[in-house]
Protein chains: 2
Amino acid sequence: MNDLFADRIQDVPRSFIREILKVTMDRSMISFAGGLPNREFFPIRELQEATNRVFDENGTDCLQYSNSEGLFELREFIAKRYKSEQNIEVDPEQILITNGSQQALDLIAKVTINEGDPVIIEEPGYLGAIQALSLYRPRYIPVGVHDEGMDIETLRTGVTSKPKMMYTVPNFQNPSGISYAHENRTRIAEIISGSGCLLIEDDPYGALRFKGEQIDSFYHLIGDQTILLGSFSKVVVPGFRLGWVVAPKRIFEKLIIAKQAADLHTCNFTQYVILNFLKNNAIDQHIQTIVGAYGSQCQAMIDCIEKMFPDDVTCTRPAGGMFLWATLPEYMSAMELFDLAVERKVAFVPGEPFYTRQVRSSAFRLNFSCVDKKVIEEGIGRLAEAISVMSSR
Amino acid sequence: MNDLFADRIQDVPRSFIREILKVTMDRSMISFAGGLPNREFFPIRELQEATNRVFDENGTDCLQYSNSEGLFELREFIAKRYKSEQNIEVDPEQILITNGSQQALDLIAKVTINEGDPVIIEEPGYLGAIQALSLYRPRYIPVGVHDEGMDIETLRTGVTSKPKMMYTVPNFQNPSGISYAHENRTRIAEIISGSGCLLIEDDPYGALRFKGEQIDSFYHLIGDQTILLGSFSKVVVPGFRLGWVVAPKRIFEKLIIAKQAADLHTCNFTQYVILNFLKNNAIDQHIQTIVGAYGSQCQAMIDCIEKMFPDDVTCTRPAGGMFLWATLPEYMSAMELFDLAVERKVAFVPGEPFYTRQVRSSAFRLNFSCVDKKVIEEGIGRLAEAISVMSSR
């Protein structure tokens, strides 16, 4: 019964990330592998209060079926925040509430990608995007990212293939932690302007900046081709599964059809709760607490790496977000290091799954959001030992 | 920029149901058009208590990212209920929690359907299933349903096309309200057994039986080819968006990949809340309250129809669920009746959208779950008037 399955699912391998998760179930393991926000900062009591107000005030509305677009007041809140935080004007009617921004990716791919359509993707790129898009079988055009953003020459060549879309995480990218500089964004916008290529700007970490100045969104540079993705997962809680997509009207109309077919609408109850929470709490203050912690944890990790890793192991210097990216000398394999590291009870994600093509990667991702300085020191120490064992082989 | 969109979305029309929803926003309109459970029976206080317990007891777990399969204890609860209610043995590891059973349909289609694959669908059939499946561009093989179930001869012919799947709502079908008799199920199982056709048994209304005896699920007859879909929407609340799919292991493995790509996992928080609610409340008693009300509303509607409609208008006699199906004499069009009815401030859903092919339907769906006897009498009266105007033309 092999012909039971659709072609699109036949060649999808079991996720290596899921295998890593199993490894990190071991409580004695120090994990830099996860991608979780730090649960210490979940505003539990404030959410509980908001929930009780919702039960009292929104009676049955929060428990009934609702519209596919999402709660209008929540979409208004998001629109206002784009204006106040980034000076971006969007109409609430262009905002669709999704089950995290992951679902937005699935819906966008569903309404735009035919099998074999060219799609530009960052290399290394966000694993969840690769998973979502791959099920629609695009032809990937990977474009490398470096400390300043995308590789412009590769992009210029890539655009000649007439890509349908281009997926980017310009702020504190997952997995690398790098951000696109203003100059880089400007050049990207010039290249794709008028090309018919949609630019997806996924921005789950944008609010988590712990140094430097905010850089203009692609929306300012090439608004009519830009789709914005956002999420409450990193700044409030991920368990509610609330994200959104902002799309030009002609695309929004198709996304609504796909959303309705996918699950009718996003959980109505948590939309009411988060709206009530946002209206009654100082969200910026809350974000500053998270940013303060992540910033000092990131610095602690960089300090330990500089002190303990050999000089020929490099790492990025993120200005925000949750990840940094370390690179071993080219002759070393991050996958081999992974095995040595797990023996020493420390885990990370090797570079391979962040590529859309088969590669042997000497780089790996380190998460710093869920570990305090003491754990960072111990974990980077164990990793340093694993690296030393590998180089002596 | 017409080639912006994927082929799969190009030919999907705007949903007629969404247009109807606009009509029913008018407060003076009596609506038999909806498909909503009655909000009077939402266990609001009990859910509020459960939510407060969850915040107190499950601390941060309910707010963090979680696994794609869903909360294990909730899946265990569902498995136990299959055993106690239907004597069905399923392993909790075969159960995937989804955003309502609508998402289960999308995921199943995603992992099984290639463009052009034959799919058997009930005629008339559930609109949400038609929407979800259509985006994967199957070739539909419609099989008519009547008071006893599927038309066996059409099915027998249909199966010769080697369908990938067959979608059924054997209990209190949406839109018709009919149920498949035991004899009909047995013959269906004989026909598709060993054919490689998956049988989807969607059962959102099964617990809402107000007369007659429970009939064995297809799972008892042809378990290895059956996929079960279930939902908390009709027996607890729909706003939580919680449903599930029970699938054979080989299919489950693919569904998990698709689920992860679609939205990582279903809202974790509402899973905790509903589990806590179910563990601390007598769900059967709650269901009996709903069943009592729906049963008498259904009877009231049938009584009014018999009294007020002309003799050549027939209707089904549901033993449960939320809908019944009325049929005008063949020369009359339900779509024309719709316009006359809306002028008289009463709405229903004409038959057309429940078909996968272009038809002119003389049948229409009436919902009885959200209207009390007084409203039913008034609304059926207005409808009778509209019918009378139409027949005099």
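Student: How do you know that the length of helix α5 (residues 100–112) of chain B suits a helix of 13 residues?

Tutor: At 1.5 Å a residue, with the rise multiplied by one less than the number of residues, α5(B) should span 18 Å, and its end C-alpha atoms lie 19 Å apart, which agrees. Helices here are DSSP runs of H or I with at least four residues and strands are runs of E with at least two, numbered from the N terminus. This is a predicted model, in which local features need pLDDT of at least 70, side-chain atom pairs count only at pLDDT 80 or more, and totals for chains, interfaces and linings use all residues. Residues are numbered from 1 along each chain as its sequence is written, while chains are lettered from A and ligands numbered from 1 in the order in which they are written.

Student: Why is α5(B) called largely enclosed?

Tutor: A residue is buried if 20 or more other C-beta atoms, placed from the backbone, lie within 10 Å of its own, exposed if 12 or fewer do, and partly exposed in between. Since 13 of the 13 residues of α5(B) are buried, the rest of the structure largely encloses this helix. Strand β3 (residues 118–123) of chain B, with 5 of its 6 residues buried, is therefore also largely enclosed.

Student: What makes β3(B) a partner of strand β4 (residues 139–146) of chain B?

Tutor: Pairing requires that DSSP find at least two bridges between two strands, and 6 bridges join β3(B) to β4(B), which run parallel. Among the bridge partners, I120(B) is matched with I141(B) in β4(B).

Student: How do you know that the radius of gyration of chain A agrees with that of a compact globule?

Tutor: Taken over C-alpha atoms, the rule is 2.2 Å times the number of residues to the power 0.38; for 393 residues this gives a value near 21 Å, and chain A has 21 Å, which agrees. Of these 393 residues, 52% count as buried.

Student: Why is the relation between chain A and chain B that of a two-fold axis?

Tutor: After least-squares superposition on the C-alpha atoms of residues with pLDDT of at least 70 in both copies, chain A lies on chain B with an RMSD of 0.0 Å by a turn of 180° and a shift of 0.0 Å along the axis. That is what a two-fold axis means. In chain A, C267(A) has the C-alpha nearest the axis, at 3.7 Å.

Student: What makes the contact surface one that serves both copies?

Tutor: With contact defined as C-beta atoms, placed from the backbone, within 7 Å, 100% of the contact residues of chain A recur in chain B. In this interface, 54 residues of chain A are in contact with 54 residues of chain B.

Terms used
Contact = placed C-beta atoms within 7 Å.
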